[in-house]
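User: Could you walk me through this structure? I'd like to start with how the chains touch and then turn to the sheets.

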Amino acid sequence: MLLINCPYCEDDRPELEFANAGEAHIHRPKDMADMSDEAFEAMFFIRDNPKGVILERWRHAHGCGRFFNAVRHTVSDKFLKTYMAGEPRPSDDEITELMK
Amino acid sequence: MAKPAIALRHTPTEGHNFANGVVSVSTAAPASRISLRATPLGANSFGKSLGLDLPKKPSGSAAKGGKFALWLGPDEWLIIDEKNQDISLVPKTASTQLSAVDISHRNAAYFISGNGAENTLNAACPRNLSLSEFPVGSATRTIFGKAEVVLYRTQNNTFRMEFWRSFTPYVWGLLLDAARDSNN
Amino acid sequence: MNSTSQQAFRVKARGSRIGARSVSFTFDGKTFEGLEGDTLASALLANGVHLMGRSFKYHRPRGVLAAGVEEPNALMQISRDNSKTTPNVRASVQEIYDGMKAQSQNRYPSLNFDIGAVNNLLSPVFVAGFYYKTFKWPAVAWDKLYEPFIRRAAGLGEAPTEQDPDRYANRFAHCDVLVAGGGAAGLIAAKAAADKGKSVILCDENPEFGGWLLSDTDIRIDGQTGEEWSAEMVRQLLAMDNVRLLARTTCVGYFQQNMVVLNERVTEHLSRPNVELPRERMWQVRAGKVVIAQGAIERHMVFPDNDRPGIMLAGAAQTYLNKYGVAVGANVGVYTACDSAYAAAFDLAEEGVTIPVVIDHRDQVSDDIRAQAKEFGIKVITGAHVYCTTGKLRVNSMSIRHHKASSGSEDFEIDALITCSGWTPSLHLYSQSRGKPQWDEATRRFLPGESPQECVSIGSCNGTDELADIFVEAAEAVGGKAQKPKIEDDVPTSSGMVGATGTSADKGKAFVDFQNDVTAKDIALAVREGMHSIEHVKRYTTNGMATDQGKLSNMHGLAIAAKLLDKPIPQVGLTTFRAPYTPTTFGSFVGHARGALFDPTRKTPIHEWAVEQGAEFEPVSLWNRARYFPKAGETMDDAVDRECQTVRKTAGVFDASTLGKIEVVGPDAAAFMNIMYTNGWDKLRPGRAKYGIMCRDDGFIYDDGVVGKLSSTRFHVTTTTGGAARVLNMMEDFTQTEFPEMKVWLTSTTEQWATIAVQGPKAREIVEPLVSGVNIANEKFPHMSVAECQVCGVPARLFRISFTGELGFEINVPADYGRAVWEAVWARAEPLGACAYGTEAMHVMRAEKGFIIVGQDTDGTVTPHDAGLSWAVAKSKPDFVGKRGLQRPDLIAKGRRQLIGLKTKDPKKVLQEGAQIVADPEQSIPMKMVGFVTSSYWSGTLDQSIAMAMLEDGNARMGETLYVPMPDETIEVEVTGTVFYDPKGERLHG
């Protein structure tokens with residue numbers, strides 16, 4: 001069972017309190033109705049499945065209830081960073097740094 | 001035609017009491033509860049009207065005169081009034097800064113008390129409930145087996161456990177099974 | 001019967017582990033006596049019994065090989081009764097208790113004579129890869145031949161035939177330091193950590209702490225024996241508040257972030273366990289630091305016929321002698337490639353056991369050992385190997401030959417043969433922690449490398465051989481300091497720990513893996529047939545794939561493959577160790593979660609009333625809901641018919657409390673509703689309610705329900721029973737992450753309210769006298785109204801809504817009042833001729849009206865347009881969840897399936913839900929399916945069967961005749977609209 005640091009609770013909490021919520025930083029445009037079919041397909045359906053670093057959303061569903069973002073390594077299952085919803089995506093440099 | 005008699009309140013945990021010398025589980029009296037979701041501004045003003053400083057820190061709580069407020073999330077508090085079991089705490093006038101929703105009857109509650117209390121809870125709750133990690137006054141939403149619960153440590157060896165009322169048979173059964181194995 | 005005289009191999013002078021009390025048990029029906037503290041294996045050995053099982057594939061007679069968890073042969077069925085019986089228990093681990101029943105496995109009709117042993121003669125068939133080679137064709141042989149054979153061959157032991165009556169417990173625990181293994185290293189580390197004030201859990205799989213110190217009685221630690229020293233350490237640890245000692249507790253798995261799972265066997269050793277105790281307890285420990293002190297496991301020698309009963313590990317023989325006071329034979333041969341076997345030989349010789357010879361596979365042995373051997377009068381032959389043994393059910397001789405000699409040999413009569421080819425550091429937990437073992441060429445063994453987690457390996461699992469060094473290493477591992485004590489020993493442990501490997505597999509079966517019957521030849525064959533990676537060799541031969549996980553065989557398999565491939569061992573690779581370390585019962589994993597505690601069963605406040613009325617229930621998500629209320633002699637169909645018609649003619653009362661409810665509050669509540677639901681919410685006035693549909697962004701229906709507007713900033717949203725949690729989750733997702741600027745908050749109120757639906761022409765008459773604070777006359781409180789008022793004097797939310805098509809109300813009262821208000825309603829309803837109705841009647845009546853059930857009439861690929869709900873999709877809103885998805889080309893294309901009604905031509909025929917629909921029943925199979933039935937019921941009100949279906953271009957097919965082919969008939973149907981009853985909806989407004 002993983003321990004996940006909830007950025008809202010500022011603490012490590014057992015995985016049993018959390019739910020994964022898919023890939024992070026997928027922008028749902030405000031003018032969505034005007035998107036092309038291709039753009040909508042890319043936004044809604046197409047997901048990465050990387051071997052390595054993934055940026056994903058989690059919800060502290062049985063804790064504070066907040067959605068947040070995480071940088072996780074899919075091979076080691078290690079959480080490199082968690083941060084609040086709305087905060088910017090970590091830069092590639094930062095991710096490289098986190099992996100050290 | 002005369003109005004029928006006023007209905008009486010019955011909690012699902014009524015009559016539940018258990019003790020084995022190491023741990024006791026007892027039912028909490030009916031209470032008034034609200035779920036407060038609010039902006040910081042809303043939380044401050046609501047706290048004033050309640051006479052309580054709402055906790056701002058994760059897992060924090062505040063208590064005064066039978067009322068207590070538990071931090072559940074950055075914009076969410078569980079407020080319980082043990083003394084006034086049927087007074088709605090929902091303000092009469094709407095605020096743009098908060099949502100107060102009466103959940104007095106949504107939850108039921110037990111007190112788990114005694115030297116075996118931590119062990120009983122840790123049979124099905126993965127959290128570190130030691131006094132150093134979860135001191136008196138700590139409150140948190142977490143899980144107990146397959147039920148979501150709110151734990152509030154009221155004393156060194158006493159926890160209040162709140163849960164949705166329909167989970168009562170499950171929570172009660174699991175507490176009893178766990179209590180049998182709490183003496184070590 | 002004089003039991004003590006039967007324990008002919010008991011050595012009274014030794015046996016630190018056993019007491020004086022006799023314990024009686026049965027083995028294959030025969031009664032034996034052992035002593036308190038014996039394992040099943042030691043007790044049988046004390047009685048001269050070596051034959052304890054038959055091997056898996058060849059059914060060869062097998063004796064006990066080891067004295068611990070690595071035992072591959074002596075697997076037993078251990079029983080108390082039919083319900084309390086466990087297969088595949090290692091006799092070397094199971095402690096005996098009075099009345100224990102042990103049964104050998106994998107033999108028929110008896111252990112001494114086993115018909116399956118014919119497999120041994122057929123062994124050319126069962127070579128490596130036989131699973132892949134043999135069972136390929138013909139296909140019919142699978143049913144008749146292969147599967148029965150595999151099932152029989154694979155069946156080790158028997159599952160209990162009755163439900164397990166035992167209890168199992170689970171415990172989540174946290175500590176600063178977890179020490180896995182309570183030998184010398186573990187004890188030192190635990191004490192050092194505890195002295196620093198750390199909270200410590202120390203566990204050991206054995207009943208006692210001390211590890212190898214209890215097996216080697218010649219060790220002196222500053223003058224103390226190992227037993228005395230361990231006992232003193234345990235005394236000190238027990239006295240500390242911050243230490244938890246767990247005996248009989250195995251670390252079965254090491255997971256991420258120092259989550260280690262321990263399995264504690266609480267009552268497996270007790271004759272009459274206290275019923276208050278769980279049988280096993282699983283500990284899920286989160287440790288700040290994990291100290292792995294697993295020790296090392298001795299390997300056997302690989303030589304022809306090395307599996308006869310009586311042939312065992314030298315260290316095991318030493319353990320049986322010193323811990324249990326049992327000599328494994330009277331005339332014991334020794335075959336070794338490692339010094340440690342001499343220690344066993346010397347201890348046996350001290351107790352008068354004849355040691356005819358020590359065959360040392362190596363060319364050299366130290367002068368000191370030679371001198372000690374000479375003192376005992378033991379002949380030592382170096383540079384030689386055992387090439388043959390004899391003895392049917394027990395070894396009786398061995399033949400040896402010098403490596404260099406091409407011919408000539410010497411035979412020795414023996415009744416036991418103890419072997420050792422070296423010791424394998426246990427890397428199981430280290431490897432499970434995702435550490436990568438490193439090859440140490442000097443000592444020819446794998447050792448822990450860097451630790452990816454906060455863990456450290458100490459002692460012999462870390463390749464630290466000198467006991468004095470372990471004292472320092474173990475203390476320093478937890479930040480403590482220790483002095484090297486003065487250590488004395490007859491045969492220094494250090495030289496015994498190297499990973500030397502001896503094989504001499506010239507002819508016959510030289511077993512590498514005893515539990516899976518893999519021989520050295522099988523490994524060679526696998527290599528010849530192209531398996532060059534150890535992972536391939538493992539799977540092809542099944543080496544190391546038995547429940548012992550190759551604790552004895554992996555290194556041998558690897559060494560043999562490497563030699564044949566002419567590659568260094570690390571290049572051939574090491575297979576991955578996986579949890580659990582030892583077989584672990586399902587009961588332990590299940591813990592408390594069985595019976596009523598397997599999953600919560602949610603009950604409404606009105607549930608008990610329905611029980612008292614004799615209702616039948618059905619599960620709906622986690623809820624248990626009243627399905628129908630049968631009267632005496634009624635079938636379900638009768639009851640449902642009666643309930644439906646009573647509601648339509650008079651009235652009915654229904655417990656709708658399970659319906660999901662969410663309170664949406666805030667100045668932006670209406671704006672939020674506009675986003676979440678397909679229809680518009682701006683025009684809805686407070687006091688009014690509206691049906692809403694929620695889609696996902698792909699445009700498919702996600703949930704639906706009636707929403708009441710209580711004020712400009714407060715909505716009472718209802719969801720489906722099963723959808724409540726996911727709807728709230730999706731709404732939270734949108735408020736938190738897509739529209740965080742909106743001032744709107746959500747609260748689940750499903751359980752705050754008990755919901756009592758009163759439906760039917762007399763609904764108002766029933767409800768009206770109970771209500772105060774609102775006038776519910778037809779014109780004052782029309783269909784789709786909502787009011788906050790009082791019912792029975794308690795605060796209520798009253799809806800005028802209908803899921804039946806009749807005049808209807810839904811009374812919401814705070815749940816603790818639910819039963820009382822229900823009874824007040826019932827007290828009015830019953831005298832008027834109304835009934836209580838369940839979910840089945842509710843389903844029939846909603847289908848008569850063409851109301852959909854999300855998840856029954858929709859399946860996650862149905863749009864509101866497909867479901868005939870275009871009227872509920874706003875055209876002018878700039879955005880709502882699903883708006884863009886609904887424009888997708890495939891969702892607006894022609895030929896989509898649409899929800900329609902079906903009437904059977906024969907009105908009495910009720911269709912099967914899920915049945916397929918075709919246009920031409922005469923076409924050849926496979927037929928083209930044009931749709932399927934989603935809902936189907938007998939409607940007593942209409943005196944005909946009704947159904948709804950998803951049908952290609954359904955709306956354009958009204959009036960068409962289609963066909964539903966069933967196994968025994970083809971049913972003709974007519975396509976209709978979905979509203980079968982009161983199409984104008986007049987009854988709602990009564």
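User: How many residues do chain B and chain A each put into the contact?

Analyst: Bearing in mind that this is a predicted model, chain B gives 16 residues to the contact, and chain A gives 14 residues.

User: And what area is buried there?

Analyst: About 1100 Å² is buried between chain B and chain A, with carbon and sulfur atoms giving 54% of that area.

User: How many salt bridges cross that interface?

Analyst: The rule finds 2 salt bridges across the interface of chain B and chain A. A salt bridge joins the side chains of D75(B) and R66(A), with an N to O distance of 3.4 Å.

User: What about polar contacts, and which elements of chain B are involved on its side?

Analyst: Between chain B and chain A there are 7 residue pairs in polar contact, counting pairs with both residues at pLDDT 80 or more. On the side of chain B that touches chain A, the elements giving two or more residues are strand 5 (67-73) and strand 9 (139-144) of chain B. Strand 9 of chain B provides the largest share of that side, namely 4 residues.

User: What's the make-up of that side of chain B?

Analyst: The residues on the side of chain B that touches chain A divide into 6 nonpolar, 4 polar and 6 charged.

User: Okay, switching to chain C. In what order do the strands of the 5-strand sheet run?

Analyst: That open sheet of chain C has the order 36-37-38-35-39, and its pairing is antiparallel. Strand 36 (689-695) and strand 39 (745-748) of chain C are the edge strands, each pairing on one side only. On average, neighbouring strands of this sheet are turned by 30° against each other, with direction ignored.

User: How many bridges join strand 35 to strand 38 in there?

Analyst: Strand 35 (residues 660-665) and strand 38 (residues 714-719) of chain C run antiparallel and are joined by 6 bridges. Within this pairing, K661(C) stands opposite T718(C) of strand 38.

User: And the 7-strand sheet, which strands are in it?

Analyst: The strands of this open sheet in chain C follow the order 41-42-43-44-40-34-45, and here the pairing is mixed. Strand 41 (771-772) and strand 45 (835-836) of chain C each have a single partner strand, so one side of each is left without a neighbour in the sheet.

User: Which way does strand 41 pair with strand 42, parallel or antiparallel?

Analyst: Strand 41 and strand 42 (residues 785-791) of chain C pair in the antiparallel sense over 2 bridges, and V771(C) stands opposite V791(C) in strand 42.

Note on methods
Residues are numbered from 1 along each chain as its sequence is written. Chains are lettered from A and ligands numbered from 1 in the order in which they are written. This is a predicted model: local features need pLDDT of at least 70, side-chain atom pairs count only at pLDDT 80 or more; totals for chains, interfaces and linings use all residues. Side-chain values use heavy atoms; hydrogens and water are left out. Two strands pair if DSSP finds at least two bridges between them. Axes are lines fitted to C-alpha atoms, for helices over the stretch in contact, and angles run from 0 to 180 degrees between N-to-C directions. Contact means heavy atoms within 4.5 Å. Buried area is the accessible area (1.4 Å probe) that two parts lose on being put together, summed over both. A salt bridge is a side-chain nitrogen of Lys or Arg within 4 Å of a carboxyl oxygen of Asp or Glu. A polar contact is a pair of N or O atoms within 3.5 Å; within protein, one must be able to donate a hydrogen and the other to accept it, and residues adjacent in sequence count only if both atoms are side-chain atoms. Ala, Val, Leu, Ile, Met, Phe, Trp, Tyr, Cys and Pro count as nonpolar, Asp, Glu, Lys and Arg as charged, and the others, Gly among them, as polar.
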